[in-house]
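Student: Could we go through a structure together and ask what stands behind the labels?
Tutor: Gladly, let us take a look.

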Amino acid sequence: MSPQDKLVIALPKGRILDEAMPLVRAAGILPEPAFDDPKSRLLRFATNHPHIDIIRVRSFDVATFVAFGAAHLGVAGNDVLMEFDYPEIYAPLDLGIGACRLSVAEPDDLAASDDPRRWSHVRIATKYPEVTRRHFAARGVQAECVKLNGAMELAPSLGLCTRIVDLVSSGATLKANGLKEVEVLAEVTSRLIVNRAALKTRPDEMTGWIEAFRKACGG
Amino acid sequence: MTESANRALLPAGLRDMLPPDAEFEASVVHSLMSLFARHGYDRVKPPLIEFEESLLDGAGGGTSSQTFRVMDPMSQKMMGLRADMTPQVDRIAATRLGAQPRPLRLSYAGQVLRVKGSQLRPERQFGQAGIELIGSDAATADAEVLVMTAEALIDQGVPGVSADLALPTLVPAVFAAYSIVGETAERLRAALDHKDSAMVAALGGAAAPLLQALIAAAGPAGRALAELRALDLPPAAAAERERLGRVVELAAADLPSLTLTVDPVENRGFEYHTGLSFTLFARNIGAELGRGGRYQGGGEPATGATLFMDSVLAALPGPKPAKRLFVPAGTPRAWAQAFRAQGWVTVSGLDPAADPLVEARRQGCRHRLGSDGIVDVELG
């Protein structure tokens with residue numbers, strides 16, 4: 001095994017990053033100072049290991065980078081993994097961070113009168129069209145999904161759709177917008193993900209990092 | 001402009017292969033097939049398209065969702081375009097070559113067409129080259145197929161070849177022993193496919209510790225085998241483990257340069273495999289280079305392997321540029337013939353009045369034949 005081969009770790013921007021960084025550091029990977037500088041325009045950062053780089057991308061893109069082997073390791077929520085269902089991603093470790101749930105929500109008044117058994121078709125605004133379609137198809141209901149990238153909670157009140165599927169943590173945003181969580185599709189936490197070919201062709205190295213992260217989260 | 005752009009557009013997943021790639025693919029296939037032939041594998045050539053019912057019978061059942069169909073106006077029956085060549089070779093072995101002595105060694109190369117590309121292989125048409133070893137249940141047969149295809153890749157110059165061995169029957173045996181059926185089995189299978197240890201723990205019940213140990217056992221062959229041997233497996237699975245150990249031993253002895261890994265829960269692309277299977281990888285290439293394993297061919301034990309030419313070519317350094325020699329119009333044919341015999345590619349001028357230097361450049365020749373022999377040409 002040649003030590004020059006690069007290892008790229010993809011981390012999601014935003015909320016999860018703050019929870020993931022202590023684990024990355026505990027696993028012994030320390031990024032260069034620019035990583036913690038909010039003014040830095042860099043996207044790719046060196047670390048204390050000469051052959052390891054960290055990239056910081058949007059959470060959905062973490063899965064894509066790892067699936068295509070452009071990054072070898074990454075941190076992604078199982079909401080993202082379920083949405084893409086990439087066969088080339090392994091998720092060997094639950095990091096136990098970023099806990100929330102993927103839920104269906106609808107306006108309070110609708111929730112009071114609705115009978116889900118009578119549905120044949122629902123219209124749903126979501127960032128997760130695939131998960132949503134699969135979930136409703138399993139119940140024999142056709143879900144017409146309107147793909148939005150944020151502010152899902154606005155959609156029902158403006159008549160874009162009747163229901164939404166979105167991540168819920170405290171439920172405060174739903175409540176503020178007159179929505180009620182009616183069904184949980186999945187409990188969500190962030191996973192350490194690994195590219196399949198990388199694990200097959202660099203087994204010692206990749207297993208080593210998985211173990212380092214396992215220790216870092218106390219498992 | 002717009003019209004020619006439209007003519008250039010091909011359906012998704014299909015492409016034109018241009019020089020020098022087309023020639024390179026043909027030469028790599030030729031060299032692979034010669035290697036198989038030297039090991040006693042006789043080449044067969046099934047048709048591109050055949051009756052759906054025979055194409056999708058037996059081992060071909062798994063390719064049903066990937067198969068293009070057309071109706072045969074002659075017989076009024078449905079025909080399928082092959083999505084994989086193994087079922088065709090299996091059919092030949094069971095029917096026309098059914099009376100041949102066993103073990104039967106066959107090789108094949110050709111193009112296949114699939115309804116949909118996959119994430120790592122968006123191509124819907126690509127080349128396959130492979131071998132089938134029919135009529136032997138021995139571990140030595142598994143090892144022969146594995147070692148030969150891996151060696152073929154190494155000989156071609158693919159760097160960092162590794163083989164990942166799997167036992168597709170192991171997880172079903174564990175499921176059967178713990179009576180895991182129905183939807184739980186499906187969800188558990190999906191979790192195992194993603195090595196999602198947390199989900200396996202949640203769904204696995206009494207089988208969870210064993211399944212998690214199987215996930216954890218994946219890795220370099222030596223360590224993986226030691227971990228597998230320490231596990232208490234159902235009897236059917238234990239027999240498969242024995243075979244795995246034997247094949248690893250044989251392959252390591254025959255081809256020490258091959259990196260061997262074992263993944264007991266691997267299941268991708270092994271839909272029709274009924275025993276020890278393997279996937280060939282190359283370092284820093286995301287896509288699989290080839291795949292093989294044991295299957296039930298027309299009632300007899302069989303094993304085989306297929307190389308996927310698109311990813312094999314991607315893993316190779318690429319063709320050496322040919323030495324092109326421009327031969328001006330009017331040069332005696334025998335002269336050009338003599339240079340071709342020395343390995344030159346000769347490109348003949350057609351117009352005696354043309355400037356040989358300009359023509360040589362235009363035709364991409366780094367050399368031209370002048371009055372005093374070969375002259376170097378600076379390409380602009």
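What follows is a short talk about salt bridges and burial in this predicted model.

Student: What makes A:D115 and A:R117 a salt bridge?
Tutor: A salt bridge needs a side-chain nitrogen of Lys or Arg within 4 Å of a carboxyl oxygen of Asp or Glu. The N to O distance for A:D115 and A:R117 is 3.2 Å, so the pair meets that cut-off.

Student: Why is A:D115 called partly exposed?
Tutor: Buried means under 20% relative accessible area and exposed means over 50%, with partly exposed in between. A:D115 has 26% relative accessibility, so the residue counts as partly exposed. Its partner A:R117 has 75% and therefore counts as exposed.

Student: How do you know that the salt bridge of A:R191 and B:D196 joins two chains?
Tutor: Look at where each residue sits. A:R191 is in strand β11 (residues 190–195) of chain A, while B:D196 is in the loop between α7 (182–193) and α8 (197–203) of chain B, so the pair joins two chains. The closest N and O atoms of A:R191 and B:D196 are 2.8 Å apart, and both residues are buried.

Student: What makes B:D164 and A:K200 a salt bridge?
Tutor: Their closest N and O atoms are 2.6 Å apart, and the cut-off is 4 Å, so the term applies. This pair also crosses between chains: B:D164 belongs to strand β7 (residues 161–166) of chain B, and A:K200 to helix α8 (residues 196–201) of chain A.

Student: Why are B:D164 and A:K200 called buried?
Tutor: The limit for buried is under 20% relative accessible area. B:D164 has 1%, so B:D164 counts as buried. A:K200 has 3%, so A:K200 is buried too.

Student: Which residues are joined with B:D164 and A:K200 into one network?
Tutor: Salt bridges that share partners link them with A:E88, A:R196, B:K195, B:D263, B:E266, B:E288 and B:R291.

Student: How many salt bridges are there over all chains?
Tutor: A search of the whole structure finds 37.

Student: And how far apart are the mean positions of the positive and negative charges of chain A?
Tutor: They are 1 Å apart, for 27 positive and 28 negative charges.

Student: What share of chain A is buried?
Tutor: Buried residues make up 51% of its 219 residues. Chain A exposes about 10,100 Å², and carbon and sulfur atoms supply 54% of that area.

Conventions:
Residues numbered from 1 in each chain as written. Chains lettered and ligands numbered in written order. Predicted model: local features only at pLDDT ≥ 70, side-chain atom pairs only at ≥ 80, totals over all residues. Heavy atoms only, no water. Buried < 20%, exposed > 50% of the residue type's maximum accessible area, 1.4 Å probe, protein only. Areas by Shrake-Rupley, 256 points an atom, 1.4 Å probe, with all protein chains shown as cover. Lys, Arg positive; Asp, Glu negative; His and termini not counted. Charge placed at Lys NZ, Arg CZ, Asp CG, Glu CD. Helix = DSSP H or I, 4+ residues; strand = E, 2+ residues; numbered from the N terminus.
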